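Visitor: Hey, can you walk me through this one? I'm new to reading structures, so plain words please.

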Amino acid sequence: MSQPQDRIIRGDIEVIRLVDGTFRVDGGAMFGVVPRTLWAKRAAPDRENRITLALNCFLVRTPRATLLLDTGVGPNLDRRYADFYSFERDPGLFGLLAGLGLGPGDIDHVVNSHLHFDHCGGNTLRTAEGRWAPAFPRARYVVQRGEWEQALHPVERDKPSYIPARLKALAEGDRLSLLDGDGPIAPGVEAVLVPGHTAFHQGVKVSSGGKTFFYLADAVPTAAHIDLPYIMSFDLYPVETYNNKKTMLERAADEGWVLGFGHDVSHPFGSLRRSGRRLEFTASAGAEND
Ligand SMILES: [Zn+2]
(Lines give C-alpha, C1' and ligand atoms only; values in the text may rest on other atoms or scores of the structure.)
Protein backbone atom coordinates (compact mmCIF):
# COMPACT_ATOMS: atom_id res chain seq x y z
CA MET A 1 0.00 0.00 0.00
CA SER A 2 2.72 2.49 0.92
CA GLN A 3 5.35 3.51 -1.67
CA PRO A 4 9.14 3.24 -1.11
CA GLN A 5 9.40 7.04 -0.89
CA ASP A 6 6.91 6.96 2.00
CA ARG A 7 9.41 5.51 4.48
CA ILE A 8 12.75 6.67 5.85
CA ILE A 9 15.10 5.39 8.54
CA ARG A 10 17.10 7.72 10.79
CA GLY A 11 19.42 5.81 13.13
CA ASP A 12 17.12 3.37 14.93
CA ILE A 13 13.96 5.39 14.23
CA GLU A 14 11.56 4.66 11.36
CA VAL A 15 9.29 7.35 9.91
CA ILE A 16 6.39 6.42 7.60
CA ARG A 17 4.18 8.88 5.72
CA LEU A 18 0.48 7.97 5.98
CA VAL A 19 -1.78 10.00 3.66
CA ASP A 20 -5.16 10.62 5.25
CA GLY A 21 -6.39 11.83 1.86
CA THR A 22 -6.10 14.55 -0.74
CA PHE A 23 -7.93 17.82 -1.27
CA ARG A 24 -7.90 20.83 -3.57
CA VAL A 25 -7.12 24.43 -2.67
CA ASP A 26 -6.84 27.59 -4.74
CA GLY A 27 -3.25 27.76 -6.01
CA GLY A 28 -3.04 31.52 -5.50
CA ALA A 29 -3.93 31.12 -1.82
CA MET A 30 -1.26 28.42 -1.46
CA PHE A 31 1.56 30.64 -2.76
CA GLY A 32 0.63 34.08 -1.39
CA VAL A 33 2.40 36.94 -3.19
CA VAL A 34 4.09 34.71 -5.79
CA PRO A 35 2.54 35.28 -9.26
CA ARG A 36 0.73 32.41 -10.96
CA THR A 37 3.19 32.45 -13.88
CA LEU A 38 5.86 31.29 -11.40
CA TRP A 39 3.99 28.92 -9.05
CA ALA A 40 2.10 27.19 -11.89
CA LYS A 41 5.45 25.79 -13.10
CA ARG A 42 5.82 23.94 -9.77
CA ALA A 43 2.21 22.93 -9.11
CA ALA A 44 -0.09 22.58 -12.14
CA PRO A 45 -3.53 24.13 -11.41
CA ASP A 46 -6.84 22.57 -12.57
CA ARG A 47 -9.52 24.49 -14.51
CA GLU A 48 -10.70 26.12 -11.30
CA ASN A 49 -7.13 27.24 -10.48
CA ARG A 50 -6.86 24.65 -7.68
CA ILE A 51 -3.88 22.46 -6.86
CA THR A 52 -3.98 19.03 -5.23
CA LEU A 53 -2.57 18.65 -1.74
CA ALA A 54 -2.07 15.64 0.52
CA LEU A 55 -3.05 15.33 4.16
CA ASN A 56 0.27 13.92 5.34
CA CYS A 57 0.52 12.26 8.75
CA PHE A 58 3.80 10.74 9.92
CA LEU A 59 4.10 7.57 11.97
CA VAL A 60 7.30 7.65 14.05
CA ARG A 61 8.51 4.38 15.55
CA THR A 62 11.35 4.61 18.04
CA PRO A 63 12.63 1.71 20.18
CA ARG A 64 10.66 3.24 23.09
CA ALA A 65 7.50 4.79 21.63
CA THR A 66 5.12 4.98 18.67
CA LEU A 67 4.02 8.47 17.73
CA LEU A 68 1.69 9.97 15.18
CA LEU A 69 2.42 13.48 13.89
CA ASP A 70 -0.88 15.09 12.83
CA THR A 71 -4.06 13.15 12.07
CA GLY A 72 -5.40 14.60 8.80
CA VAL A 73 -8.97 15.64 8.32
CA GLY A 74 -10.53 12.50 9.82
CA PRO A 75 -13.53 10.42 8.77
CA ASN A 76 -16.29 12.58 10.28
CA LEU A 77 -15.84 15.68 8.15
CA ASP A 78 -18.81 17.97 7.68
CA ARG A 79 -20.36 17.77 4.19
CA ARG A 80 -19.84 21.52 3.70
CA TYR A 81 -16.05 21.18 4.04
CA ALA A 82 -15.89 17.87 2.15
CA ASP A 83 -17.57 19.30 -0.95
CA PHE A 84 -15.81 22.65 -0.91
CA TYR A 85 -12.31 21.15 -0.77
CA SER A 86 -13.08 17.97 -2.78
CA PHE A 87 -11.62 15.74 -0.08
CA GLU A 88 -10.85 12.17 -1.14
CA ARG A 89 -9.88 9.91 1.69
CA ASP A 90 -9.92 6.24 0.92
CA PRO A 91 -8.47 4.30 2.78
CA GLY A 92 -7.61 7.19 5.15
CA LEU A 93 -5.31 7.28 8.14
CA PHE A 94 -6.99 4.49 10.13
CA GLY A 95 -7.09 2.18 7.08
CA LEU A 96 -3.38 2.74 6.45
CA LEU A 97 -2.53 2.07 10.10
CA ALA A 98 -4.50 -1.17 9.92
CA GLY A 99 -2.54 -2.07 6.76
CA LEU A 100 0.63 -1.86 8.88
CA GLY A 101 -0.94 -4.11 11.50
CA LEU A 102 -1.48 -1.20 13.90
CA GLY A 103 -4.64 -0.29 15.76
CA PRO A 104 -5.46 3.03 17.46
CA GLY A 105 -4.40 1.45 20.78
CA ASP A 106 -0.80 1.11 19.55
CA ILE A 107 -0.17 4.88 19.43
CA ASP A 108 1.54 6.34 22.53
CA HIS A 109 1.61 10.02 21.52
CA VAL A 110 -0.38 12.06 19.02
CA VAL A 111 1.46 15.30 18.25
CA ASN A 112 -0.41 18.09 16.46
CA SER A 113 1.62 20.75 14.64
CA HIS A 114 -1.40 22.99 15.13
CA LEU A 115 -5.15 22.45 15.40
CA HIS A 116 -6.52 23.57 12.03
CA PHE A 117 -9.21 21.05 11.03
CA ASP A 118 -7.01 19.41 8.36
CA HIS A 119 -4.32 18.49 10.92
CA CYS A 120 -6.31 17.14 13.88
CA GLY A 121 -9.46 15.65 12.30
CA GLY A 122 -8.51 12.12 13.34
CA ASN A 123 -7.82 13.12 16.98
CA THR A 124 -11.41 12.30 17.91
CA LEU A 125 -14.19 10.17 16.43
CA ARG A 126 -17.96 10.48 16.69
CA THR A 127 -19.48 7.75 18.84
CA ALA A 128 -22.75 5.94 18.08
CA GLU A 129 -24.43 8.33 20.56
CA GLY A 130 -23.21 11.31 18.54
CA ARG A 131 -20.57 12.44 21.06
CA TRP A 132 -16.86 12.97 20.36
CA ALA A 133 -14.30 10.63 21.94
CA PRO A 134 -10.49 10.33 21.66
CA ALA A 135 -9.69 8.13 18.63
CA PHE A 136 -6.45 6.81 20.18
CA PRO A 137 -7.44 5.29 23.53
CA ARG A 138 -3.98 5.18 25.15
CA ALA A 139 -2.36 8.22 23.59
CA ARG A 140 -1.26 11.49 25.13
CA TYR A 141 -2.18 14.34 22.80
CA VAL A 142 0.66 16.85 22.56
CA VAL A 143 0.09 20.42 21.40
CA GLN A 144 1.22 23.92 22.32
CA ARG A 145 -0.90 25.50 25.06
CA GLY A 146 -1.29 28.72 23.05
CA GLU A 147 -2.56 26.78 20.03
CA TRP A 148 -5.03 24.86 22.22
CA GLU A 149 -6.45 28.09 23.64
CA GLN A 150 -6.70 29.62 20.17
CA ALA A 151 -8.51 26.52 18.86
CA LEU A 152 -11.01 26.29 21.71
CA HIS A 153 -11.83 30.02 21.60
CA PRO A 154 -11.09 31.12 18.03
CA VAL A 155 -11.25 34.81 17.16
CA GLU A 156 -13.60 35.69 14.31
CA ARG A 157 -10.85 35.57 11.66
CA ASP A 158 -9.94 32.00 12.71
CA LYS A 159 -13.40 30.48 13.02
CA PRO A 160 -13.39 28.67 9.64
CA SER A 161 -10.08 26.95 10.54
CA TYR A 162 -10.98 25.39 13.90
CA ILE A 163 -13.72 22.97 15.02
CA PRO A 164 -13.66 23.30 18.86
CA ALA A 165 -16.54 20.84 19.44
CA ARG A 166 -14.35 18.00 18.13
CA LEU A 167 -11.44 18.84 20.44
CA LYS A 168 -13.18 19.36 23.79
CA ALA A 169 -13.35 15.61 24.46
CA LEU A 170 -9.54 15.59 24.83
CA ALA A 171 -9.65 18.04 27.73
CA GLU A 172 -12.57 16.27 29.43
CA GLY A 173 -10.71 12.95 29.40
CA ASP A 174 -7.46 14.48 30.70
CA ARG A 175 -5.62 13.34 27.57
CA LEU A 176 -3.70 16.52 26.82
CA SER A 177 -0.04 17.41 27.25
CA LEU A 178 0.10 21.16 26.71
CA LEU A 179 3.57 22.51 25.94
CA ASP A 180 4.90 26.00 26.58
CA GLY A 181 7.47 26.29 23.79
CA ASP A 182 10.16 23.81 22.78
CA GLY A 183 10.41 20.62 24.79
CA PRO A 184 10.85 16.84 24.88
CA ILE A 185 7.97 14.55 23.89
CA ALA A 186 9.61 11.11 24.01
CA PRO A 187 13.27 9.93 23.91
CA GLY A 188 14.69 11.30 20.62
CA VAL A 189 11.56 13.32 19.84
CA GLU A 190 11.09 16.99 20.64
CA ALA A 191 8.70 19.82 19.86
CA VAL A 192 10.22 22.93 18.24
CA LEU A 193 8.18 26.11 17.81
CA VAL A 194 8.03 27.29 14.18
CA PRO A 195 5.47 30.11 14.40
CA GLY A 196 3.99 32.03 11.49
CA HIS A 197 1.21 29.87 10.05
CA THR A 198 -0.34 30.30 13.50
CA ALA A 199 1.17 31.98 16.56
CA PHE A 200 2.04 28.65 18.20
CA HIS A 201 2.60 26.36 15.21
CA GLN A 202 5.20 23.69 16.09
CA GLY A 203 7.49 21.35 14.19
CA VAL A 204 8.73 17.99 15.46
CA LYS A 205 12.41 17.04 15.57
CA VAL A 206 13.27 13.34 15.63
CA SER A 207 16.92 12.39 16.18
CA SER A 208 18.83 9.14 16.46
CA GLY A 209 22.49 8.24 15.98
CA GLY A 210 23.38 11.77 14.87
CA LYS A 211 20.67 11.76 12.18
CA THR A 212 17.60 13.99 12.17
CA PHE A 213 14.12 14.02 10.68
CA PHE A 214 12.22 17.30 11.02
CA TYR A 215 8.48 17.62 10.41
CA LEU A 216 7.82 21.13 9.11
CA ALA A 217 4.02 20.79 8.86
CA ASP A 218 2.57 24.04 7.48
CA ALA A 219 5.73 26.14 7.88
CA VAL A 220 6.79 24.62 4.52
CA PRO A 221 3.70 22.68 3.37
CA THR A 222 5.21 21.28 0.15
CA ALA A 223 8.64 21.08 -1.47
CA ALA A 224 7.42 23.84 -3.83
CA HIS A 225 7.41 26.19 -0.79
CA ILE A 226 11.14 25.96 -0.03
CA ASP A 227 12.03 29.26 -1.71
CA LEU A 228 11.51 31.88 0.99
CA PRO A 229 8.80 34.08 -0.65
CA TYR A 230 6.57 31.04 -1.31
CA ILE A 231 4.31 31.43 1.74
CA MET A 232 0.62 30.55 1.99
CA SER A 233 -1.80 33.46 2.23
CA PHE A 234 -3.46 31.45 5.05
CA ASP A 235 -0.48 32.26 7.29
CA LEU A 236 -1.47 34.66 10.05
CA TYR A 237 2.08 36.02 10.50
CA PRO A 238 3.89 35.69 7.15
CA VAL A 239 6.96 37.68 8.24
CA GLU A 240 7.47 35.20 11.08
CA THR A 241 6.99 32.31 8.68
CA TYR A 242 9.66 33.83 6.43
CA ASN A 243 12.22 34.28 9.21
CA ASN A 244 11.59 30.93 10.91
CA LYS A 245 11.57 29.07 7.61
CA LYS A 246 14.93 30.63 6.70
CA THR A 247 16.46 29.57 10.02
CA MET A 248 15.10 26.02 9.89
CA LEU A 249 15.90 25.35 6.23
CA GLU A 250 19.48 26.62 6.55
CA ARG A 251 19.94 24.36 9.56
CA ALA A 252 18.42 21.47 7.64
CA ALA A 253 20.96 21.98 4.83
CA ASP A 254 23.94 22.40 7.16
CA GLU A 255 23.08 19.46 9.44
CA GLY A 256 21.80 17.01 6.78
CA TRP A 257 18.24 16.73 8.08
CA VAL A 258 15.53 14.82 6.22
CA LEU A 259 12.43 17.04 6.11
CA GLY A 260 8.77 16.03 6.17
CA PHE A 261 6.13 18.22 4.50
CA GLY A 262 2.53 18.56 5.68
CA HIS A 263 0.80 18.67 2.30
CA ASP A 264 3.12 17.43 -0.48
CA VAL A 265 1.50 14.67 -2.56
CA SER A 266 4.59 13.23 -4.27
CA HIS A 267 7.48 14.34 -2.04
CA PRO A 268 6.68 13.58 1.60
CA PHE A 269 10.41 13.55 2.46
CA GLY A 270 13.45 15.39 1.13
CA SER A 271 16.71 17.10 2.01
CA LEU A 272 18.49 20.34 1.13
CA ARG A 273 21.92 21.30 -0.09
CA ARG A 274 23.40 24.80 -0.35
CA SER A 275 24.02 25.87 -3.94
CA GLY A 276 25.32 29.45 -3.95
CA ARG A 277 22.63 31.53 -2.25
CA ARG A 278 19.90 28.99 -2.98
CA LEU A 279 18.89 25.79 -1.26
CA GLU A 280 18.56 22.87 -3.62
CA PHE A 281 15.95 20.20 -2.86
CA THR A 282 16.37 16.45 -3.33
CA ALA A 283 13.42 14.13 -2.72
CA SER A 284 14.12 11.06 -0.58
CA ALA A 285 13.93 7.88 -2.62
CA GLY A 286 13.16 5.48 0.21
CA ALA A 287 14.40 3.79 3.34
CA GLU A 288 17.93 3.42 1.95
CA ASN A 289 18.20 7.20 2.03
CA ASP A 290 19.65 7.17 5.51
ZN1 LIG B 1 -2.46 22.43 6.74
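Guide: Sure. One term first: two strands count as paired if DSSP finds at least two bridges between them. Also keep in mind that this is a predicted model.

Visitor: Okay, so what is the strand order in the open sheet that has strand 1 in it?

Guide: The order is 1-2-3-4-5-8-9, so by that pairing rule 7 strands make up this open sheet. The pairing in it is mixed.

Visitor: Which strands are at the edges there?

Guide: Strand 1 (7-10) and strand 9 (176-179) are the edge strands, and each of them pairs on one side only. From one strand to the next, the twist averages 25°.

Visitor: And what holds strands together in general?

Guide: Backbone hydrogen bonds pair the strands of a sheet, in a parallel or an antiparallel way.

Visitor: How many bridges join strand 2 to strand 3?

Guide: There are 11 bridges between strand 2 (residues 13-26) and strand 3 (residues 50-61), and the two run antiparallel. As an example to find on screen, Phe23 sits opposite Leu53 in strand 3.

Visitor: Which strands does helix 4 lie across?

Guide: Helix 4 (residues 92-99) lies across strand 2, strand 3 and strand 4 (66-69). Its direction is at about 155° to strand 2.

Visitor: Switching topic: which residues are the protein donors of the zinc ion?

Guide: They are Asp118 (OD), His119 (NE2), Asp218 (OD) and His263 (NE2), at 2.0 to 2.6 Å from the zinc ion. Along the sequence, their spacing reads D-H-x98-D-x44-H.

Visitor: Where do His119 and Asp218 lie?

Guide: His119 is in helix 5 (residues 117-120), while Asp218 is in the loop between strand 13 (211-217) and helix 8 (238-255). The pair therefore ties together parts that are 99 residues apart in sequence.

Visitor: Why is the arrangement around the zinc ion irregular?

Guide: Because the 4 donor atoms subtend angles of 86 to 154°. Four donors count as tetrahedral if all angles lie between 85 and 135 degrees, and 154° falls outside that range. For square planar, opposite donors would have to be over 155 degrees apart.

Visitor: Got it. What about the open sheet with strand 10, what's the order there?

Guide: That open sheet has 7 strands in the order 10-11-12-13-14-15-16, with mixed pairing. Strand 10 (183-186) and strand 16 (278-283) are at its edges with a single partner strand each, so one side of each has no neighbour in the sheet. On average, neighbouring strands are turned by 30° against each other, ignoring direction.

Visitor: Which strands does helix 8 touch?

Guide: Helix 8 packs on this sheet and touches strand 11, strand 12 (202-208), strand 13, strand 14 (258-261), strand 15 (269-275) and strand 16. Its direction makes about 85° with that of strand 15.

Visitor: Can we zoom in on strand 11? What does it pair with?

Guide: Strand 11 (residues 189-193) pairs with strand 10 in the antiparallel sense over 3 bridges, and with strand 12, also antiparallel, over 5 bridges. Glu190 is the bridge partner of Pro184, and Glu190 also stands opposite Lys205 in strand 12. In the hairpin of strand 10 and strand 11, Gly188 has a positive phi near 85°.

Visitor: Last one: at what angle do helix 6 and helix 7 cross?

Guide: Roughly 130°, with the axes of helix 6 (residues 145-152) and helix 7 (residues 164-172) coming within 9 Å. The two helices are therefore oblique to each other. Among the residues in contact are Trp148 of helix 6 and Leu167 of helix 7. By class, that contact has 7 nonpolar, no polar and 1 charged residues.

Notes. Residues are numbered from 1 along each chain as its sequence is written. This is a predicted model: local features need pLDDT of at least 70, side-chain atom pairs count only at pLDDT 80 or more; totals for chains, interfaces and linings use all residues. Side-chain values use heavy atoms; hydrogens and water are left out. Axes are lines fitted to C-alpha atoms, for helices over the stretch in contact, and angles run from 0 to 180 degrees between N-to-C directions. Helices (H or I, at least four residues) and strands (E, at least two) are DSSP runs, numbered from the N terminus. Angles under 35 degrees count as roughly parallel, over 145 as roughly antiparallel, 65 to 115 as roughly perpendicular and the rest as oblique. Contact means heavy atoms within 4.5 Å. Ala, Val, Leu, Ile, Met, Phe, Trp, Tyr, Cys and Pro count as nonpolar, Asp, Glu, Lys and Arg as charged, and the others, Gly among them, as polar. Donors are N, O and S atoms within 2.8 Å of the metal (3.2 Å for Na, K and Ca); water is not among the atoms, so sites may look incomplete. Four donors count as tetrahedral if all angles lie between 85 and 135 degrees; four count as square planar and six as octahedral if opposite donors are over 155 degrees apart and all others between 65 and 115; anything else is irregular.
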